[in-house]
Amino acid sequence: MSAEPLLEVDDLSVRFDTDEGPVQAVDRVSFALAPGEVLGIVGESGCGKSVTCMSLVRLLPETAKVSGSVRFGGADLLALGPRRLRRVRGREISYIFQEPMTSLNPVFTVGDQIGEVVRRHLDLSRRDARRRAVELLQLVRIPAPQRRVDEYPHQLSGGMRQRVMIAMALACDPKVLIADEPTTALDVTIQAGILDLMREVREKLGTAIVLVTHNLGVVADIADRVIVMYAGRKVEEAPAAELFAAPQHPYTVGLLGAIPRPGERRERLEEIPGRVPASARPLEHCVFADRCRYADETTRTQVPDLRPVRPGHLVACFHPEAERAA
Amino acid sequence: MGGFLIRKAGAALVVLVLSSIVVFLGVRAIPGNPAIALGAENRDPAVIAAVKAKYDLDKPLPVQYGHWIWLALQGDLGVDQRDLGVGRTIAQRLPISLELALLSMLVAVVVGIPAGVIAAVRRGRPSDYAATGVALVGLSVPHFWLGLMVIVWFAVDLHWLPAGGYTTLHHPLANLQHMVLPAVVIGTGLAAVLMRQMRSSILDSLGADYVRTARAKGLSEWSVICKHAFRNSLITVTTVMGLQLGGLISGIVTIEVIFGIPGFGALTIDAVNQRDYTLLQGVVLVVAAGYVIVNLLVDVVYSFLNPRIRAI
């Protein structure tokens, strides 16, 4: 991953001003994405992983206050004018969302919705756009694409709809594909197919993928590198294999302990006690302190910085596994 | 698609038959003897018997109904008290009201729909408050009052437009001059309803996932709103428009009376006032048919707007 990063996120913070006061959804998150890399972002619901991804091309509602910078292709996407930003959206950076049923417009055919992207960005004629839509449906392995192209979303199964979303996202050969929980709404057997397809996309087209999920199995399956988020902060980052072999943050350790393993008989799965703190403003201590079994005075009064425990393995913890073992 | 329309048309036919029965019985349920009413002041039993025979009133109800509907199907709605063909009278008056209804709807669509879209897109800003406020006024002001006011302003004070009356379509300009004020008065109320409906359904759509997808695709705000959000919002707005158009057929009465337009509404009032049962029966039947046809049209438009309905 020594290549020049494709996308560089620096100190990204997102705050929502709600009726109940401000909510700090993302707190100073930084990461980089290399060309062709698959980066997994994991964490439980509400940890800010989706908000992080949406904010990259400013897809959040106006109530969101985003700060920091997102460097892409020599520009800061957070500072880009709307016109130039729209040329990045869908062409350079594209998205797949969790719910393929509601993410597709019910009143237009899938061909129309795929064709719309290429017509917008590549200036194709209606006929060429349709031809391209059929090609793309073929690419994502939808059987009988000639017929499917004229069908409406409700006529397709959940897995096929997600394939349509992927086809739409790939329409302009983007450099980055951001997949926000792409398999969560699907059956397990369908999930595997979608993950295979994404792996294939990366191999064939060299698209870098940011994969947001709460499912560690999905991450283990496909990601090169993983970021673990907790309560709006990045708490750990490591190459995927290393994260699973030697997790450092007590939260990551807890997450991995909560995965059932076949063959291992236990009375209960391990759980992490307590709840995620509702964050009104940036905390003045470790976000995980209240639930951490190693919490002490330092943890409760200071914010741990991200620091490397090994090359490429960062953790925001005063007592990472490696040091406690020593 | 074909199956859907055939089913809808079949259902419409059933509704039409049922409503014709209700109309028929309803008119006969009105207190008083139709034969005596038709015979006017004449209480001579011979005359009454003759009248009964003439209008089939001496036969059992099912036979009367069968006879009436059989003739109605052939376009013959019988004759009224003045021995004029009911069908003919309706055919003369109905187009006038239809023209007024369509013009009103046009005013409502041209004003209400863009205002709704703008209010939704600029939610919480001055233009939204202005549009919503004007709509509230439009909804609250009674038609008859607004009708009288515009007559005072535009006809009496300013002399811009005639105060009332009607000219046939053979003189299009004069016809339009007579129609403008009533159409605007009716259209104002409708526009207010459409605007509010449009505003709330665009707001719904703008919060939907597919709008986020459209934005993520890099589409311009114009095509996000005018293609993706608008098309979905039309589905609910069509329902409201259908209901209103149906309601207009009968709701136009007051305005026709105020502006002295010899339309269908005025005819209905006359039929009731003169206790002209044959005429009333014909008028109400046509209104019922109008409702059914408008509903059928709404279903057809629906199926074009919403592909999911075609599959049902």
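In the predicted model, A:A238 touches A:R225, A:V226, A:L243, A:G312 and A:H313, leaving aside residues up to four places away in sequence. This alanine sits in strand β10 of chain A, which covers residues 233-239. A:A238 counts as buried because its relative accessibility is 0%, and the cut-off for burial is under 20%. A second alanine, A:A192, lies 46 residues from A:A238 in sequence. In space, the C-alpha atoms of A:A238 and A:A192 are 24 Å apart.

Helix α1 of chain A spans residues 49-56. This helix is mostly covered, with 7 of its 8 residues buried. The buried positions are A:K49, A:V51, A:T52, A:C53, A:M54, A:S55 and A:L56. A lysine is thus listed beside residues such as A:V51 and A:L56. In general, residues three or four places apart in an α-helix point the same way, because the helix has 3.6 residues a turn. Just after α1(A), A:R58 adopts a positive phi of about 60 degrees.

Chain A as a whole contains 13 helices and 12 strands. Its C-alpha trace spans about 65 × 50 × 45 Å along the principal axes. The radius of gyration of chain A is 21 Å. This value agrees with a compact globule, because a globule of 326 residues would have a radius of gyration near 20 Å. Of the 326 residues in chain A, 53% count as buried. Contacts in chain A also reach across the sequence. Among those between residues at least 6 apart, 63% join residues at least 24 apart.

The accessible surface of chain A amounts to about 14900 Å². Carbon and sulfur atoms account for 49% of that surface. Chain A carries 43 positive and 44 negative charges. The mean positions of these two sets are 5 Å apart.

Chain B is built from 14 helices and 0 strands. Read along the sequence, its pattern is α-α-α-α-α-α-α-α-α-α-α-α-α-α. The C-alpha trace of chain B spans about 85 × 55 × 35 Å along its principal axes. Of the 312 residues of chain B, 42% count as buried. Among contacts in chain B with a separation of 6 or more, 74% come from residues 24 or more positions apart.

Chain B exposes about 15500 Å². Carbon and sulfur atoms supply 71% of this area. The charged side chains of chain B comprise 23 positive and 17 negative groups. The centres of the two sets lie 14 Å apart.

The two chains meet in a contact that takes 27 residues from chain A and 22 residues from chain B. Three residues of chain A stand out at this contact: A:V107, A:F108 and A:E116 supply 26% of the area that chain A buries against chain B. That share is more than any other three residues give. The size of an interface is often given as the accessible area lost when the parts come together. Between chain A and chain B, the buried area is about 2100 Å². Carbon and sulfur atoms give 58% of the area buried between the chains.

How values were computed. Residues numbered from 1 in each chain as written. Chains lettered and ligands numbered in written order. Predicted model: local features only at pLDDT ≥ 70, side-chain atom pairs only at ≥ 80, totals over all residues. Heavy atoms only, no water. Helix = DSSP H or I, 4+ residues; strand = E, 2+ residues; numbered from the N terminus. Rg over C-alpha atoms; globule rule 2.2 N^0.38 Å. Buried < 20%, exposed > 50% of the residue type's maximum accessible area, 1.4 Å probe, protein only. Contact = heavy atoms within 4.5 Å. Areas by Shrake-Rupley, 256 points an atom, 1.4 Å probe, with all protein chains shown as cover. Lys, Arg positive; Asp, Glu negative; His and termini not counted. Charge placed at Lys NZ, Arg CZ, Asp CG, Glu CD. Buried area = accessible area lost by both parts, 1.4 Å probe.
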